[in-house]
Amino acid sequence: LMTKKFLISIIFCLFSFNLNASEYKLEKVISGLNKPWGMSFINDNELFLTQKSGEILKINLTTKEVKNFSHNLKVVQPHWQAGMLDIIYKDGEVFVSYTEDRGNDKTSTSIARGIIRDESFSEIENIFQSDSSWNNIHWGSRLMFKDDLLYASIGERGHGSVAQDPTSYFGKMIRINKDGSAPKDNPYADNEGWLPEIYQIGLRNPQGIILNPQDDEIYITNHGPRGGDFFGKVEAGTNYGWADVAWGGIDYDGSIIGDGSAWKEGLLKPIYTWIPSIAVSDMTFYVGDLFPDLKNKLLITSLKAQKLISLEFDGKKARNETILFEKIGRVRDVEANSVGEIFVIIDNDNSGIWKLVSD
């Protein structure tokens, strides 16, 4: 009996050591934020950040200066998922996605372009508006540039199979020029009955996007229902299948979605899936040198499970999920600057920006 207890004790200790082999702490560097959603570095010490309540902030991480860039966008927050969403800085301009008030209690996922002069917007105006809906969920939305083209994820607003409708932006990846026009080589640009901005279809609520510097390909994260969150590739003219499939998830009332299939022939298959769901949000590929054990790994944030995880990814398979920290709040975004420092934001009231440090 003593021998069995001793063996169980040894196994437990080894298991605990493996769980905590890589431990990190968070150091708060900026306080006083209100439900931050997205951030984009200008340089190693400065970044732009959005708050769901509608603000676009420029923050200096060294001096702690916070500057509010005023704008006239019709940002509305009728639901806790809505508001000012993602932001990306590029060559003296910012691009933001947000929940726009379209009148008659309808809202859309919209994208605006702001031109910066003398520490303010000389102009900021919409370049894209999705369909509008009364539903107050699933706006998406993340932004990414590749080859001077803007990729944006649009949620299906809770309308399910509209993600398969070629005349709706709901549940799609779109690709547009910086002025909002559709590139002529988009996969459906010449297809009658298709919106020319559509690049990929069949998504539910995609809230993470990143360009992988190792293969120069774009990847997204997508919220499933009860189960079925996934990480996958953005490929022109492909279909992830929502709501014919649910990637292994079920509906919130326990009923099956479609015929219960996790995947069907002809659909693009996710690379990595979470069952149960963790409410996966944004991500980054870490290429810095400050954290050697994270080098060339995927860092992914989680809202519901309140954690930051790492995954090994070779361009085809993702494996060896590791929890870096957990239970500090809804982790919305993670970004790294060019010197390899890693920062996260938490989607809470009285929030801030935290820096990852080794324990």
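# A tour from Lys-58 outward

Begin at Lys-58, which counts as buried, at 14% relative accessibility. The cut-off for buried is under 20%. Remember as you select that this is a predicted model.

**Stop 1: Lys-58 and its partner**

Add Glu-119 to the selection. Its side chain meets that of Lys-58 in a salt bridge, 2.8 Å from N to O. Lys-58 sits in strand β4 (residues 56-60), while Glu-119 lies in the loop between β8 (106-117) and β9 (120-129), so the pair ties together parts that are 61 residues apart in sequence. Check the surface around Glu-119: this residue is partly exposed, with a relative accessible area of 39%.

**Stop 2: more charged pairs**

The structure holds 17 salt bridges. Side chains of opposite charge can pair when their charged atoms come close.

Select Lys-35 and Asp-349 next. Their side chains form a salt bridge at 2.4 Å, N to O. Lys-35 belongs to the loop between β1 (24-33) and β2 (36-41), and Asp-349 to the loop between β24 (342-346) and β25 (351-358), so this contact ties together parts 314 residues apart in sequence. Lys-35 is partly exposed, at 21% relative accessibility.

Now pick Lys-355 and Glu-341. Here the salt bridge is 2.8 Å, N to O. Lys-355 is in strand β25 and Glu-341 in the loop between β23 (331-336) and β24, so the parts tied together are 14 residues apart in sequence. Glu-341 is buried, with a relative accessible area of 18%.

For a network, select Asp-86, Arg-142, Asp-282 and Asp-333. Salt bridges link these four residues.

**Stop 3: two glycines**

Go to Gly-32, in strand β1. Is Gly-32 buried or exposed? It is exposed, with a relative accessible area of 58%. Draw a C-alpha to C-alpha distance to Gly-352: the two are 6.0 Å apart in space and 320 residues apart in sequence.

**Stop 4: the β23-β24 hairpin**

Show β23 and β24 as cartoon. They run antiparallel, joined by five bridges. One bridge to find: Val-334 has Val-344 in β24 as its partner. The two strands make a hairpin with five residues between them. In the turn, look at Gly-340, whose phi is positive, about 95 degrees. Then turn on the surroundings of β23. Five of its six residues are buried, so the strand is largely enclosed by the rest of the structure.

**Stop 5: the largest pocket**

β23 also leads to the largest pocket, as one of the strands that supply at least two residues of its lining. The others are β2, β6 (84-90), β10, β14 and β19. Which strand gives the most to the lining? That is β6, with five residues. The pocket holds about 640 Å³ of space. Its lining counts 27 residues. To centre the view, select Met-144, Ile-210, Thr-284, Glu-335 and Ala-336, which lie nearest the pocket's centre.

**Stop 6: an open sheet**

Select β10 and follow its sheet. This open sheet has five strands in the order β10-β11-β12-β13-β17, with mixed pairing. β10 (140-146) and β17 (238-239) stand at the edges with a single partner strand each, so one side of each is left without a neighbour in the sheet. Look inside the sheet at β11 (residues 149-154) and β12 (residues 172-176). They pair in the antiparallel sense over five bridges. In one of the pairings, Ile-154 has Lys-172 in β12 as its bridge partner.

**Stop 7: the nonpolar cores**

In soluble globular proteins, nonpolar side chains tend to be buried together. The largest nonpolar core here has 36 residues. Select Tyr-151, Phe-231, Trp-274 and Ile-300: these have the most contacts inside it. Elements giving two or more residues to this core include β11, β14 (205-212), β16 (229-233) and β20 (297-302).

Expand around Tyr-151. Among the residues it touches beyond four places in sequence are Arg-142, Met-144, Met-173, Tyr-199, Ile-209 and Val-234. A second, separate core has 17 residues, including Phe-95, Phe-145, Ile-154 and Leu-195.

**Stop 8: Trp-263**

End in the loop between β17 and β18, where Trp-263 is placed. Trp-263 is partly exposed, with a relative accessible area of 30%. Show its contacts: leaving out residues up to four places away in sequence, Trp-263 touches Val-245, Leu-268 and Lys-269. Finally, add Trp-242, which is 21 residues from Trp-263 in sequence and 9.8 Å away in space, C-alpha to C-alpha.

Methods. Residues numbered from 1 in each chain as written. Predicted model: local features only at pLDDT ≥ 70, side-chain atom pairs only at ≥ 80, totals over all residues. Heavy atoms only, no water. Pairing = 2+ DSSP bridges. Helix = DSSP H or I, 4+ residues; strand = E, 2+ residues; numbered from the N terminus. Buried < 20%, exposed > 50% of the residue type's maximum accessible area, 1.4 Å probe, protein only. Core = buried A, V, L, I, M, F, W, Y, C linked by side-chain atoms within 4.5 Å. Contact = heavy atoms within 4.5 Å. 1 Å grid on protein atoms, 1.4 Å probe; cavity = no way out; pocket = protein on both sides within 12 Å on 5 of 7 lines; lining within 4 Å. Points joined across faces, edges and corners; volume = space filled by probe spheres on them.
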